[in-house]
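Below is a short briefing on one chain, covering its overall fold and one helix pair.

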Amino acid sequence: MKNILITGATSGIGNALINLLDTEDNHLILIGRDKVKLINISKKLVSKFTLIEFDLEDVENIKLLLNQLPIEVNAFVHCAGIDSTLPLKNINYTKFEKSLKINMFSFIEIMKLIVSLKKNENYWTNVVAISSIASQHGGIAQTIYSSTKAALEASVRVLSKELIKNKIRINSISPGLVNTEMTHRWMDRIGIDNIETLSRFQVNGIAEPIEIANVIEFLISSKSSHILGQNIIVDGGGPKLEIF
(Lines give C-alpha, C1' and ligand atoms only; values in the text may rest on other atoms or scores of the structure.)
Protein backbone atom coordinates (compact mmCIF):
# COMPACT_ATOMS: atom_id res chain seq x y z
CA MET A 1 0.00 0.00 0.00
CA LYS A 2 1.32 3.45 -0.94
CA ASN A 3 1.04 6.29 1.56
CA ILE A 4 0.32 9.49 -0.38
CA LEU A 5 0.26 12.89 1.34
CA ILE A 6 -1.77 15.63 -0.38
CA THR A 7 -2.11 19.26 0.73
CA GLY A 8 -4.87 21.48 -0.63
CA ALA A 9 -7.01 18.36 -0.70
CA THR A 10 -10.47 19.90 -0.57
CA SER A 11 -10.63 21.71 -3.90
CA GLY A 12 -9.31 22.11 -7.42
CA ILE A 13 -6.33 20.04 -8.50
CA GLY A 14 -6.00 18.39 -5.08
CA ASN A 15 -9.56 17.11 -5.18
CA ALA A 16 -9.15 15.83 -8.74
CA LEU A 17 -5.98 14.01 -7.69
CA ILE A 18 -7.80 12.33 -4.82
CA ASN A 19 -10.42 10.98 -7.21
CA LEU A 20 -7.69 9.67 -9.50
CA LEU A 21 -5.72 7.95 -6.73
CA ASP A 22 -8.72 6.57 -4.85
CA THR A 23 -7.99 2.85 -4.98
CA GLU A 24 -7.71 0.11 -2.37
CA ASP A 25 -3.95 0.06 -2.98
CA ASN A 26 -3.47 3.59 -1.64
CA HIS A 27 -3.59 5.28 1.74
CA LEU A 28 -4.40 8.97 1.22
CA ILE A 29 -3.30 11.43 3.90
CA LEU A 30 -5.32 14.56 3.21
CA ILE A 31 -4.50 17.98 4.64
CA GLY A 32 -7.04 20.80 4.40
CA ARG A 33 -8.38 23.74 6.37
CA ASP A 34 -12.04 22.83 6.12
CA LYS A 35 -13.02 19.87 8.31
CA VAL A 36 -16.49 19.56 6.79
CA LYS A 37 -15.10 19.37 3.25
CA LEU A 38 -12.54 16.78 4.31
CA ILE A 39 -15.24 14.61 5.88
CA ASN A 40 -17.48 14.92 2.82
CA ILE A 41 -14.62 13.84 0.56
CA SER A 42 -13.81 10.88 2.79
CA LYS A 43 -17.37 9.53 2.57
CA LYS A 44 -16.81 8.75 -1.12
CA LEU A 45 -13.40 7.09 -0.79
CA VAL A 46 -12.65 3.41 -1.23
CA SER A 47 -9.00 3.91 -0.25
CA LYS A 48 -7.75 3.98 3.30
CA PHE A 49 -7.52 7.60 4.43
CA THR A 50 -6.29 9.91 7.15
CA LEU A 51 -7.80 13.37 7.49
CA ILE A 52 -5.73 16.23 8.89
CA GLU A 53 -7.48 19.53 9.51
CA PHE A 54 -4.74 22.15 9.47
CA ASP A 55 -4.14 25.68 8.17
CA LEU A 56 -0.75 25.66 6.43
CA GLU A 57 -0.32 29.37 7.12
CA ASP A 58 0.58 28.21 10.64
CA VAL A 59 4.02 27.11 9.45
CA GLU A 60 5.57 27.24 12.92
CA ASN A 61 3.34 24.34 14.03
CA ILE A 62 3.61 22.10 10.96
CA LYS A 63 6.15 20.07 12.93
CA LEU A 64 3.29 18.94 15.17
CA LEU A 65 1.84 16.96 12.25
CA LEU A 66 4.66 14.43 12.44
CA ASN A 67 2.81 12.00 14.70
CA GLN A 68 -0.16 11.98 12.32
CA LEU A 69 1.95 10.77 9.39
CA PRO A 70 2.73 7.14 8.58
CA ILE A 71 6.27 5.92 9.15
CA GLU A 72 6.75 5.84 5.38
CA VAL A 73 5.52 8.55 2.99
CA ASN A 74 5.76 7.21 -0.56
CA ALA A 75 4.52 10.37 -2.28
CA PHE A 76 3.86 13.97 -1.33
CA VAL A 77 1.93 16.40 -3.54
CA HIS A 78 1.79 20.04 -2.49
CA CYS A 79 -1.40 21.36 -4.08
CA ALA A 80 -2.09 23.99 -1.43
CA GLY A 81 -1.75 27.54 -2.65
CA ILE A 82 -3.10 31.05 -2.33
CA ASP A 83 -3.45 33.54 -5.16
CA SER A 84 -2.89 37.28 -5.03
CA THR A 85 -3.78 40.10 -7.39
CA LEU A 86 -2.43 43.34 -5.98
CA PRO A 87 -0.87 46.40 -7.62
CA LEU A 88 2.44 47.61 -6.24
CA LYS A 89 0.88 50.34 -4.09
CA ASN A 90 -1.14 47.73 -2.15
CA ILE A 91 1.69 45.29 -1.50
CA ASN A 92 2.98 45.08 2.05
CA TYR A 93 5.08 42.66 4.09
CA THR A 94 2.09 41.07 5.83
CA LYS A 95 0.36 40.16 2.55
CA PHE A 96 3.62 38.90 1.03
CA GLU A 97 4.36 36.78 4.09
CA LYS A 98 0.93 35.13 4.06
CA SER A 99 1.42 33.96 0.47
CA LEU A 100 4.99 32.83 1.13
CA LYS A 101 3.88 30.76 4.11
CA ILE A 102 1.24 28.84 2.19
CA ASN A 103 2.84 28.64 -1.24
CA MET A 104 6.44 27.92 -0.22
CA PHE A 105 7.30 27.80 3.49
CA SER A 106 4.71 25.08 4.23
CA PHE A 107 6.24 22.94 1.49
CA ILE A 108 9.68 23.31 3.08
CA GLU A 109 8.38 22.41 6.54
CA ILE A 110 6.59 19.29 5.29
CA MET A 111 9.72 18.25 3.42
CA LYS A 112 11.58 18.45 6.74
CA LEU A 113 9.06 16.02 8.23
CA ILE A 114 9.44 13.61 5.32
CA VAL A 115 13.23 13.63 5.65
CA SER A 116 12.96 13.01 9.40
CA LEU A 117 10.86 9.90 8.71
CA LYS A 118 13.55 8.45 6.48
CA LYS A 119 15.17 6.11 8.99
CA ASN A 120 16.46 4.07 6.08
CA GLU A 121 16.60 4.41 2.32
CA ASN A 122 14.77 1.19 1.43
CA TYR A 123 11.95 3.06 -0.29
CA TRP A 124 11.54 6.07 -2.57
CA THR A 125 9.47 9.15 -1.82
CA ASN A 126 8.27 10.97 -4.94
CA VAL A 127 7.35 14.62 -4.49
CA VAL A 128 5.46 17.06 -6.72
CA ALA A 129 4.94 20.75 -5.93
CA ILE A 130 2.27 22.66 -7.85
CA SER A 131 3.64 25.94 -9.14
CA SER A 132 2.20 28.09 -11.95
CA ILE A 133 3.27 29.56 -15.27
CA ALA A 134 2.85 32.87 -13.43
CA SER A 135 6.34 32.19 -12.02
CA GLN A 136 7.65 32.99 -15.51
CA HIS A 137 4.77 34.85 -17.15
CA GLY A 138 3.07 36.72 -14.35
CA GLY A 139 0.61 39.36 -15.43
CA ILE A 140 -0.14 42.80 -14.07
CA ALA A 141 -0.65 42.84 -10.27
CA GLN A 142 0.66 39.29 -9.80
CA THR A 143 3.92 40.29 -8.12
CA ILE A 144 3.27 38.37 -4.90
CA TYR A 145 1.82 35.25 -6.53
CA SER A 146 4.48 35.07 -9.23
CA SER A 147 7.33 35.62 -6.78
CA THR A 148 6.19 32.97 -4.33
CA LYS A 149 5.69 30.39 -7.07
CA ALA A 150 9.14 31.19 -8.47
CA ALA A 151 10.55 30.64 -4.98
CA LEU A 152 8.79 27.28 -4.81
CA GLU A 153 10.31 26.20 -8.13
CA ALA A 154 13.77 27.27 -6.99
CA SER A 155 13.44 25.22 -3.81
CA VAL A 156 12.45 22.17 -5.87
CA ARG A 157 15.53 22.49 -8.09
CA VAL A 158 17.90 22.77 -5.12
CA LEU A 159 16.26 20.17 -2.87
CA SER A 160 16.13 17.65 -5.71
CA LYS A 161 19.95 17.62 -5.65
CA GLU A 162 20.25 17.71 -1.87
CA LEU A 163 17.76 14.94 -1.09
CA ILE A 164 18.39 12.41 -3.85
CA LYS A 165 20.77 10.67 -1.40
CA ASN A 166 17.70 10.03 0.77
CA LYS A 167 15.83 8.48 -2.16
CA ILE A 168 13.57 11.53 -2.38
CA ARG A 169 12.76 12.58 -5.94
CA ILE A 170 11.27 16.04 -6.39
CA ASN A 171 9.70 17.84 -9.36
CA SER A 172 7.24 20.65 -9.89
CA ILE A 173 4.39 21.33 -12.30
CA SER A 174 3.46 24.74 -13.69
CA PRO A 175 -0.12 24.69 -14.93
CA GLY A 176 -1.56 27.45 -17.05
CA LEU A 177 -5.23 28.31 -16.76
CA VAL A 178 -7.15 25.57 -14.95
CA ASN A 179 -10.88 25.48 -14.25
CA THR A 180 -10.66 25.71 -10.46
CA GLU A 181 -12.18 27.82 -7.70
CA MET A 182 -8.95 29.85 -7.52
CA THR A 183 -9.19 30.69 -11.22
CA HIS A 184 -12.83 31.76 -10.83
CA ARG A 185 -11.89 34.09 -7.96
CA TRP A 186 -9.15 35.60 -10.16
CA MET A 187 -11.65 36.03 -13.01
CA ASP A 188 -13.93 38.03 -10.71
CA ARG A 189 -11.09 40.33 -9.71
CA ILE A 190 -10.00 41.12 -13.27
CA GLY A 191 -13.54 41.40 -14.66
CA ILE A 192 -13.94 38.24 -16.77
CA ASP A 193 -17.48 36.97 -16.39
CA ASN A 194 -17.44 33.51 -18.02
CA ILE A 195 -15.11 30.58 -18.50
CA GLU A 196 -15.59 30.52 -22.29
CA THR A 197 -14.05 33.98 -22.57
CA LEU A 198 -11.12 32.98 -20.39
CA SER A 199 -10.57 29.79 -22.38
CA ARG A 200 -9.80 31.86 -25.48
CA PHE A 201 -6.78 33.35 -23.69
CA GLN A 202 -4.90 30.01 -23.81
CA VAL A 203 -3.90 28.35 -27.08
CA ASN A 204 -5.55 25.00 -26.38
CA GLY A 205 -8.21 26.37 -24.05
CA ILE A 206 -8.52 26.07 -20.30
CA ALA A 207 -7.51 22.82 -18.60
CA GLU A 208 -9.69 20.77 -16.30
CA PRO A 209 -8.14 19.77 -12.93
CA ILE A 210 -8.01 16.09 -13.93
CA GLU A 211 -5.63 16.98 -16.79
CA ILE A 212 -3.12 18.29 -14.24
CA ALA A 213 -3.81 15.37 -11.90
CA ASN A 214 -2.89 12.95 -14.69
CA VAL A 215 0.57 14.51 -14.93
CA ILE A 216 0.98 14.39 -11.15
CA GLU A 217 0.06 10.70 -11.13
CA PHE A 218 2.81 10.06 -13.68
CA LEU A 219 5.42 12.05 -11.73
CA ILE A 220 4.79 10.20 -8.45
CA SER A 221 4.97 6.83 -10.20
CA SER A 222 8.01 4.70 -11.03
CA LYS A 223 7.34 5.44 -14.71
CA SER A 224 8.99 8.84 -14.23
CA SER A 225 11.93 7.53 -12.20
CA HIS A 226 14.57 9.40 -14.24
CA ILE A 227 12.82 12.79 -14.06
CA LEU A 228 14.36 14.86 -11.27
CA GLY A 229 14.44 18.55 -10.37
CA GLN A 230 12.30 19.51 -13.34
CA ASN A 231 9.45 21.96 -13.73
CA ILE A 232 6.87 20.47 -16.08
CA ILE A 233 4.81 23.10 -17.90
CA VAL A 234 1.20 22.10 -18.57
CA ASP A 235 -0.24 25.25 -20.10
CA GLY A 236 -2.22 24.20 -23.19
CA GLY A 237 0.31 25.81 -25.52
CA GLY A 238 0.69 28.95 -23.44
CA PRO A 239 -1.11 32.27 -23.13
CA LYS A 240 -2.35 34.18 -26.16
CA LEU A 241 -2.35 37.43 -24.20
CA GLU A 242 0.01 38.66 -21.50
CA ILE A 243 -2.59 38.81 -18.74
CA PHE A 244 -1.17 35.91 -16.72
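In the chain, 70% of the contacts (heavy atoms within 4.5 Å) with a separation of 6 or more come from residues 24 or more positions apart. This is a predicted model, in which local features need pLDDT of at least 70 and side-chain atom pairs count only at pLDDT 80 or more, while totals for chains, interfaces and linings use all residues. Residues are numbered from 1 along each chain as its sequence is written, and side-chain values use heavy atoms, with hydrogens and water left out.

**Overall fold**
- There are 8 helices and 7 strands in the chain, taken as DSSP runs numbered from the N terminus (helices H or I, at least four residues; strands E, at least two).
- The radius of gyration, taken over C-alpha atoms, is 17 Å, which agrees with the value near 18 Å for a compact globule of 244 residues (rule: 2.2 Å times the number of residues to the power 0.38).
- The C-alpha trace spans about 50 × 35 × 35 Å along its principal axes.
- Buried residues (under 20% relative accessible area, 1.4 Å probe, protein chains only) make up 51% of the 244.

**Helices H3 and H5**
- The axes of H3 (residues 93-117) and H5 (residues 143-162) come within 9 Å and cross at roughly 20°; axes are lines fitted to C-alpha atoms over the stretch in contact, with angles from 0 to 180 degrees between N-to-C directions.
- H3 and H5 are therefore roughly parallel (angles under 35 degrees).
- Residues in this contact include Phe 96, Leu 100 and Phe 107 of H3 and Ile 144, Leu 152 and Leu 159 of H5.
- The contact of H3 with H5 involves 11 nonpolar, 6 polar and 2 charged residues; Ala, Val, Leu, Ile, Met, Phe, Trp, Tyr, Cys and Pro count as nonpolar, Asp, Glu, Lys and Arg as charged, and the others as polar.

How values were computed: Angles under 35 degrees count as roughly parallel, over 145 as roughly antiparallel, 65 to 115 as roughly perpendicular and the rest as oblique. Buried means under 20% relative accessible area, exposed over 50%, partly exposed in between (1.4 Å probe, protein chains only).
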